[in-house]
Amino acid sequence: MVWWQWPLLAAFSELEHRIWTRHGGVSPAPYDSLNLSYTVGDASAHVRQNRTLVRQAMGLAELISVGQVHGSNTLILMDRQTIREAGEVRGIDILITNLPGIGLLIKQADCQAVALYDPEQRVIANIHCGWRGNVQNVIGQAVGRLQEAFGSRPAALYAGISPSLGPCCAEFKNFQQEMPPEFWQYQVRPTYFDLWQISVDQLLAAGLPREHIQLAGLCSRCQAEDFFSYRRERVTGRNGTVVALGE
Ligand SMILES: [Zn+2]
């Protein structure tokens, strides 16, 4: 099993996080091999085993994931009952918890996982953010949830943006229908957009300092050997980014 980390977040010893590559799982092609999604056509037994591998490698009591829909609804895990009921509940793209030992899993194949950590209130968030998430400012909404529910100060938050579709590959031929005009300035050449910079700017607008934001800067579509890419492969697996508070 092979994973990446954001050094900015790895500096916090009480925080556990891993950006899992596609290596080291049990799924056959085209899901080879650490596919963490039940809804892409892979056998459930393989996904279950892959998730167990991830959970055990990180020493976690629970690994929580939900049915992501490119929306901006939030699931806040503050008690054991919510955790029991959380299994793949549909329509959620923001996971938040202040409980230790609970891994928040975001599944991706080109979309961003954006991890947030508040070292003052000891609370974490993991956000599923594709371009539709950027359009809805799911990132800003997640920061708002942390402020409301935990009293987080945006200026105290840290953020990591995972490997995902880079400006080299983020082509939107129909951007005039799909992207609001305020995003058009993010074109790096005609019809290609810098979604990474959009996310950085949305974090800044939410009140995070630039030095609290780390961008992985790896393109999932270019880096075929390490990451699943929906744009490249269409039928493929999902990588996982997991964030957890230590016990
Ligand atoms: Zn690329």
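**Exercise 1. The aromatic cluster**

Which residues do ring pairs link into a cluster? Work this one out in the predicted model above, then look at one pair in detail.

*Solution.*
Step 1. Start with the total: there are 9 aromatic pairs in the structure.
Step 2. Pick out Phe172 and Phe193, whose rings are 5.9 Å apart centre to centre, with 85 degrees between the planes. An angle over 60 degrees counts as edge-to-face, and that is the label this pair gets.
Step 3. Check where the two partners sit. Phe172 is in the loop between strand S9 (158–161) and helix H6 (175–178), while Phe193 belongs to strand S11 (residues 192–193). They are 21 residues apart, and the pair links distant parts of the chain.
Step 4. Look at accessibility: Phe172 and Phe193 are both buried.
Step 5. Now follow the ring pairs outward. They tie Trp131, Phe172, Phe175, Trp184 and Phe193 into a cluster.

**Exercise 2. Charges over rings**

Find which ring the charged end of Arg231 sits over, and do the same for Arg189.

*Solution.*
Step 1. Go back to Phe172: the charged end of Arg231 sits over its ring, 4.8 Å from the centre.
Step 2. Move to Arg189. Its charged end is placed over the ring of Tyr192, at 3.7 Å from the ring centre.

**Exercise 3. Cysteines**

How many disulfides does the structure hold? And are Cys169 and Cys219 buried or exposed?

*Solution.*
Step 1. The disulfide count is 0.
Step 2. Compare each cysteine with the cut-off: buried means under 20% relative accessible area. Cys169 has 10%, so it is buried.
Step 3. Cys219 comes in at 6%, so it is buried as well.

**Exercise 4. Placing S13 in its sheet**

Sort out the strand order of the sheet that holds S13, and say which strands stand at the edges.

*Solution.*
Step 1. Write down the order. The open sheet has 5 strands, arranged S1-S2-S13-S6-S3, with mixed pairing.
Step 2. Spot the edges. Strand S1 (3–4) and strand S3 (62–64) each have a single partner strand, so one side of each has no neighbour in the sheet.
Step 3. Take S13 and strand S2 (residues 15–20). They run antiparallel and are joined by 5 bridges; His17 has Val243 as its bridge partner in S13.
Step 4. Turn to strand S6 (residues 102–108), which pairs with S13 over 5 bridges, again in the antiparallel sense. Here Gln108 stands opposite Asn239.
Step 5. Finish with S3 and S6. These run parallel, with 3 bridges between them, and Glu62 is opposite Ile102.
Step 6. Ask how enclosed S13 (residues 239–245) is. Its count is 7 of 7 residues buried, so the strand is largely enclosed by the rest of the structure.
Step 7. Split that by face. Asn239, Thr241, Val243 and Leu245 are buried on one side, and Gly240, Val242 and Ala244 are buried on the other, so both faces are covered.

**Exercise 5. What surrounds Ser229**

Describe where Ser229 lies and what its side chain meets.

*Solution.*
Step 1. Locate it: Ser229 is in the loop between strand S12 (213–215) and helix H8 (230–233).
Step 2. Read its accessibility. With a relative accessible area of 0%, Ser229 is buried.
Step 3. Find the polar partners. The Ser229 side chain makes a polar contact with the side chain of Asp110, at 2.9 Å. A polar atom of the Ser229 side chain also lies 3.1 Å from the backbone nitrogen of Arg232.
Step 4. List contacts, leaving aside neighbours within four places in sequence. Those of Ser229 include Ala109, Ser220, Arg221 and Thr236.

**Exercise 6. Two loop residues side by side**

Are Ser33 and Leu34 buried or exposed, and what do they touch?

*Solution.*
Step 1. Ser33 sits in the loop between S2 and helix H2 (44–57), and Leu34 lies in the loop between S2 and H2 too.
Step 2. Ser33 has 14% relative accessibility, so it counts as buried. Leu34 has 0% and counts as buried.
Step 3. Not counting residues up to four places away in sequence, Ser33 touches several residues, including Arg22, His23, Asn50 and Phe228.
Step 4. With neighbours within four places left aside, the contacts of Leu34 include Met1, Trp20, Asn50, Val54, Phe228 and Arg238.
Step 5. For a longer span, go from Leu34 to Arg84: 50 residues apart in sequence, and 24 Å from C-alpha to C-alpha.

Methods
Residues numbered from 1 in each chain as written. Predicted model: local features only at pLDDT ≥ 70, side-chain atom pairs only at ≥ 80, totals over all residues. Heavy atoms only, no water. Disulfide = S-S within 2.5 Å. Buried < 20%, exposed > 50% of the residue type's maximum accessible area, 1.4 Å probe, protein only. Phe/Tyr/Trp six-rings, centres within 6.5 Å; stacked < 30°, edge-to-face > 60°. Helix = DSSP H or I, 4+ residues; strand = E, 2+ residues; numbered from the N terminus. Lys NZ or Arg CZ within 6 Å of the ring centre and 35° of its normal. Polar contact = N/O pair within 3.5 Å; in protein donor to acceptor, adjacent residues only side chain to side chain. Contact = heavy atoms within 4.5 Å. Pairing = 2+ DSSP bridges.
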